[in-house]
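Trainee: I should like to work through this model with you, one question at a time. May we begin once the structure is displayed?

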Amino acid sequence: MKRKNDSHIPEPELLEKLRLGDVDSYRILFLRYYSRVTLFIRGMTGAAAEAEDIAQNIFLKLWLNRESLDPGQSLRNYLFVMARNQVFNHLRSLRTGATVLKAVGERESEHNPAPDSEVLLGETREIVGKAVEGMPEKRKEVFRLSRQEGLSNREIAEKTGLSVRTVDKHIELALKDIRKILVLLPLLVTVYFQ
C-alpha cells in the first residue's frame with residue numbers, strides 16, 4: 001500500500017537506499033515507475049502480457065544490479081532505455097526464432113553479473129520453474145510451447161486444438177502466476193542473504 005509521504009521522497013535518496021538493499025525504497029520506485037514502463041513497452045510491442053513480462057524482467061534486473069546504480073542519474077531515463085533495449089532484444093529473438101529464455105540468458109551474460117547475482121539468477125530460474133510446474137497442465141503446456149519452443153499463439157492454437165483467444169488467456173494467466181512470485185523476490189532475497 002502506498003503511504004501518503006512516499007511520493008515526496010526524492011529519487012536520489014531512494015536510489016541510495018536501494019543501492020544498500022532497502023526493500024521499501026525498491027517498493028516505492030516500483031510503484032512510481034512500473035505502470036509507466038509497462039505502458040511504454042505495450043506501446044512498442046502491442047501486447048499487454050508481453051509488456052508486463054518484459055517490465056517485470058526490467059524491475060528484477062533493477063534489483064539485481066542495484067549496487068551499480070548512480071543516485072545522481074535519472075532512474076526514469078535508465079528504466080526507459082532498459083525497456084527500449086529489452087523490447088528490441090525481445091523482437092529480435094522472436095524474429096530469429098530463439099526462445100525467450102535463451103534471449104534473457106544472453107542479455108544477462110552481456111552485463112557480466114556479479115557472482116551473487118549469478119546465484120540469485122539461478123535461484124530465480126528455479127523459483128520460476130517451480131511456478132511453471134505448479135500450473136494446470138494445459139496452461140503449463142501452452143506456456144512452454146510459447147516460451148521454450150518460441151511458437152506463436154496461432155501455432156500453439158493449431159498444435160493444441162485450442163482457440164487463439166484461449167492460448168492468449170493461458171499465457172496471460174501463466175505470466176500473472178510468475179509475476180506474483182517475482183514481485184516477492186526482493187523480500188525473499190532479503191531473507192536469504194541476511
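Mentor: Before we begin, contact here means heavy atoms within 4.5 Å. Please also bear in mind that this is a predicted model.

Trainee: With which residues is Thr45 in contact, leaving aside its neighbours within four places in sequence?

Mentor: Thr45 lies in helix H2. Thr45 and Phe88 are 43 residues apart in sequence, with 9.4 Å between their C-alpha atoms. Once neighbours within four places in sequence are set aside, the contacts of Thr45 are Glu50, Ala51, Ile54 and Val87.

Trainee: What is the mean pLDDT of the protein chain?

Mentor: A pLDDT of 70 or more is reached by 72% of the residues. Over residues 96-104 the pLDDT is below 50, and this stretch has eleven contacts in the model beyond near neighbours in sequence. Residues 187-194 also have a pLDDT below 50, with ten contacts beyond near neighbours in sequence. For the protein chain, the mean pLDDT is 77.

Trainee: Are H1 and H2 parallel or oblique to each other?

Mentor: Helix H1 spans residues 11-19 and helix H2 spans residues 23-45. Their axes come within 8 Å and cross at roughly 130 degrees. The crossing of H1 and H2 is left-handed. By their angle, H1 and H2 are therefore oblique.

Trainee: How many residues of the contact of H1 with H2 are nonpolar?

Mentor: On the H1 side, the contact involves Glu11, Leu14, Leu15, Lys17 and Leu18. These meet Ser25, Tyr26, Ile28, Leu29, Arg32 and Tyr33 in H2. In the contact of H1 with H2, three residues are charged, one is polar and the nonpolar ones number seven.

Trainee: Which residue meets the side chain of Lys17 in a salt bridge?

Mentor: The structure holds nine salt bridges. Lys17 and its partner are four residues apart in helix H1, and therefore separated by about one helical turn. At 3.4 Å, N to O, the side chain of Lys17 meets that of Glu13.

Trainee: What is the handedness of the crossing of H2 and H3?

Mentor: Helix H3 comprises residues 48-64. H2 and H3 pack with their axes 8 Å apart, at an angle of about 145 degrees. Their crossing is right-handed.

Trainee: How many residues in the contact of H2 with H3 are nonpolar?

Mentor: H2 contributes residues including Phe30, Tyr34, Val37 and Ile41. Among those they meet in H3 are Ile54, Ile58, Phe59 and Trp63. The contact of H2 with H3 has three charged and three polar residues, while the nonpolar ones number 17.

Trainee: Are H7 and H8 parallel or oblique to each other?

Mentor: Helix H7 covers residues 137-147, and helix H8 covers residues 153-160. Their axes come within 10 Å and cross at roughly 135 degrees. The crossing of H7 and H8 is right-handed. With respect to each other, H7 and H8 are therefore oblique.

Trainee: How many residues of the contact of H7 with H8 are charged?

Mentor: From H7, the contact is made by Lys138, Glu141, Val142, Leu145 and Ser146. From H8, the participants are Ile156, Lys159 and Thr160. In the contact of H7 with H8, three residues are nonpolar, two are polar and the charged ones number three.

Definitions and conventions. Residues are numbered from 1 along each chain as its sequence is written. This is a predicted model: local features need pLDDT of at least 70, side-chain atom pairs count only at pLDDT 80 or more; totals for chains, interfaces and linings use all residues. Side-chain values use heavy atoms; hydrogens and water are left out. Axes are lines fitted to C-alpha atoms, for helices over the stretch in contact, and angles run from 0 to 180 degrees between N-to-C directions. Helices (H or I, at least four residues) and strands (E, at least two) are DSSP runs, numbered from the N terminus. Angles under 35 degrees count as roughly parallel, over 145 as roughly antiparallel, 65 to 115 as roughly perpendicular and the rest as oblique. A crossing is left-handed if the near helix is turned anticlockwise from the far one by less than a right angle, and right-handed if clockwise. Ala, Val, Leu, Ile, Met, Phe, Trp, Tyr, Cys and Pro count as nonpolar, Asp, Glu, Lys and Arg as charged, and the others, Gly among them, as polar. pLDDT is the predictor's confidence in each residue, from 0 to 100. A salt bridge is a side-chain nitrogen of Lys or Arg within 4 Å of a carboxyl oxygen of Asp or Glu.
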